[in-house]
Amino acid sequence: MAHESYFFRARRGLPRELQEAQTWIEGIASGYGLQFCETVFEMCDWQEINMLASYGGFPTRYPHWRWGMDYLQMDKSYEYGLQKIYEMVINTQPAYAYLLDNNTMMDQKLVMAHVYGHVDFFTNNAWFAHTDRKMLDRMANHATRVRRHMDAEGQDVVETFIDMCLSIENLIDPHLPHIRRERSESEREKEAARRAPGYARMPARHYMDKYINPPEFLEEQRQRHQDRMAAQARFPDSPVRDVLGFLLEHGRMRPWQRDVLSIIRSEAYYFAPQGQTKIMNEGWASYWHTTMMTRDILTDAEVIDYCDHHSGTVAMQPGRLNPYKVGIELFRHIEDRWDKGRFGKDWMDCDDVAVKRDWDTGAGLGRDKIFEVRRTHNDVTFIDEFLTEDFVREQGLFTTTWDKKAGHYVVDSREFGAVKQQMLTMLASRGNPPITVTDANHGNRGELELTHAHEGMDLQLDWAELTLGNIARIWGRAAHLVTTVDGRRTVLHHDGASFTVDKEGKPGAGEKQQKEAS
């Protein structure tokens, strides 16, 4: 029974035959070297699993209209036979996985094997090391806090602010949990650096001084030091990619607004590693469910159904990249290479195609290698390190481009370099424009300046208008975004009510378009 942002249902454990299957499959997975935390399986009907999926796998989320929208979309898709959720697993300790009650026994065993692959990945991959394993409780706490704010401020007011926060939830720094971007310097150290000349003279006698300490070199060092000091005088002194964090720390907000923004940011960082490792995670789980099903689990009567369902999962549709397919095939490719010794200097230096085709040193290191890869890589480094020309050719990968005359996408290139570059570009940004905070005192008026690192694709201006307006409202003063549009430097302005576009590089005062908010 649905109620606001949570639903009630009696806990539905597994029937005896599935309990026995879970114990058996868990033993098989452990025997292959998978390491995972306790995994709890629960049975759901199709409505319950759609509810859970609309909440991102969690039984409780903060109240918001988008959960209902997602649920209705999934509900209609299931009702019309367009999609079916076979399984779902969340990254917590213990890990919770949900099984659809109308799956066949073969499907349930496949899903269990797949889930143990996922939980092993969650437990051991370095990019998940900093995620909150108690997020199940944390989500419930977030829901309680948001409801409290709605009771105090009004549902519409809080929900409108959540809408603004969600429009920029992708403006985080996904690498922040793993590195330290800021140096902590005391005011005394900064003042000493400002007063320093910025260069050091080497001791020398007066007749050799101009050779040992050339004046032009000293002047260059002095200028560099002045530039560094000028940069430090700005706030922030270096671009900040975690826009949400910067707004949270320095924005002009009421306490309840700051709390809501902190909730959105916390959940965004929880889900970030899943976006960074989608290909690896699904590929790893698929690799192990195929290994366990074909070698240990399937009965003769289940083979045909298994092949039919698995082939549907890894099918590659034209123009779309299937993470299940690319991930499992690349893990198999890595295992085959390291089993046959196709790595190292000798392999790289060999130019004989016939020798390379038959190359097999019997190294047998494939299984160890894929476990190592699972532990340390994310999708970008996975593709960058292990995508090979042979793999691209064997899988028939290619790039596409939009043909304006034909009105559809056409094959652009089958060259390895082009395919790899397009995949890396896609995975590095994941569709999110790289935007940083570059000045929190723009024009000495306390306004916020952001900069878009243009990477060949212009921003969609109607979306940029709405998003920049939300940033301005959260910040409390006007916001400005420096970007490139049609090859020209462009500055977008929004003061929370009106939107202006200034394009440079055009004769005259420049093009200006102003739209008053309705």
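A pocket here is an open set of grid points where a 1.4 Å probe fits, with protein on both sides within 12 Å along at least five of seven lines, and its lining residues have an atom within 4 Å of a point. Keep that in mind for the pocket views below; the model throughout is a predicted one.

**View 1. The whole chain, before we zoom in.** The chain carries 21 helices and 13 strands. Of its 518 residues, 45% count as buried. Take the contacts between residues at least 6 apart in sequence: 68% of them join residues at least 24 apart. On the outside, the chain exposes about 27900 Å², with carbon and sulfur atoms supplying 50% of that area.

**View 2. Into the second largest pocket.** This pocket holds about 1600 Å³ of space. Its lining is made of 44 residues, and Met426, Ser429, Gly431, Asn432 and Met457 are the ones nearest the centre. Strand 6 (399-403), helix 20 (416-429), strand 9 (447-452) and helix 21 (461-475) each give two or more residues to the lining. Sorted by type, the lining has 24 nonpolar, 17 polar and 3 charged residues.

**View 3. Where the second largest pocket sits.** Domain 2 (318-429) and domain 3 (435-516) both contribute residues to the lining, so the pocket lies between them.

**View 4. Helix 17 and its packing partners.** Helix 17 spans residues 366-376, and its buried residues are Gly366, Lys369, Ile370, Phe371, Val373 and Arg374. An α-helix has 3.6 residues a turn, so residues three or four places apart point the same way. The buried residues of helix 17 pack against four helices: helix 4 (105-124), helix 12 (278-297), helix 14 (323-339) and helix 18 (379-386).

**View 5. Asn124, a residue of helix 4.** Asn124 belongs to helix 4. Its relative accessible area is 18%, and buried means under 20%, so Asn124 counts as buried. Setting aside neighbours within four places in sequence, Asn124 touches Gln35, Arg374 and Arg375. Look at the pair Asn124 and Arg374: they are 250 residues apart in sequence, yet their C-alpha atoms are 7.6 Å apart in space.

**View 6. Glu415, out on a loop.** Glu415 is found in the loop between strand 7 (408-413) and helix 20. Exposed means over 50% relative accessible area, so Glu415, at 57%, makes the cut. From Glu415 to Leu397 is 18 residues in sequence and 9.0 Å in space, C-alpha to C-alpha.

Technical notes. Residues are numbered from 1 along each chain as its sequence is written. This is a predicted model: local features need pLDDT of at least 70, side-chain atom pairs count only at pLDDT 80 or more; totals for chains, interfaces and linings use all residues. Side-chain values use heavy atoms; hydrogens and water are left out. Buried means under 20% relative accessible area, exposed over 50%, partly exposed in between (1.4 Å probe, protein chains only). Contact means heavy atoms within 4.5 Å. Accessible areas come from the Shrake-Rupley method with a 1.4 Å probe; for residues, only the protein chains shown count as cover. On a 1 Å grid over the protein atoms alone, a cavity is a set of points where a 1.4 Å probe fits but cannot get out, and a pocket is an open set with protein on both sides within 12 Å along at least five of seven lines; lining residues have an atom within 4 Å of a point. Grid points are joined across faces, edges and corners, and a volume is the space filled by probe spheres set on the points. Ala, Val, Leu, Ile, Met, Phe, Trp, Tyr, Cys and Pro count as nonpolar, Asp, Glu, Lys and Arg as charged, and the others, Gly among them, as polar. Domain bounds come from an automatic or database domain assignment.
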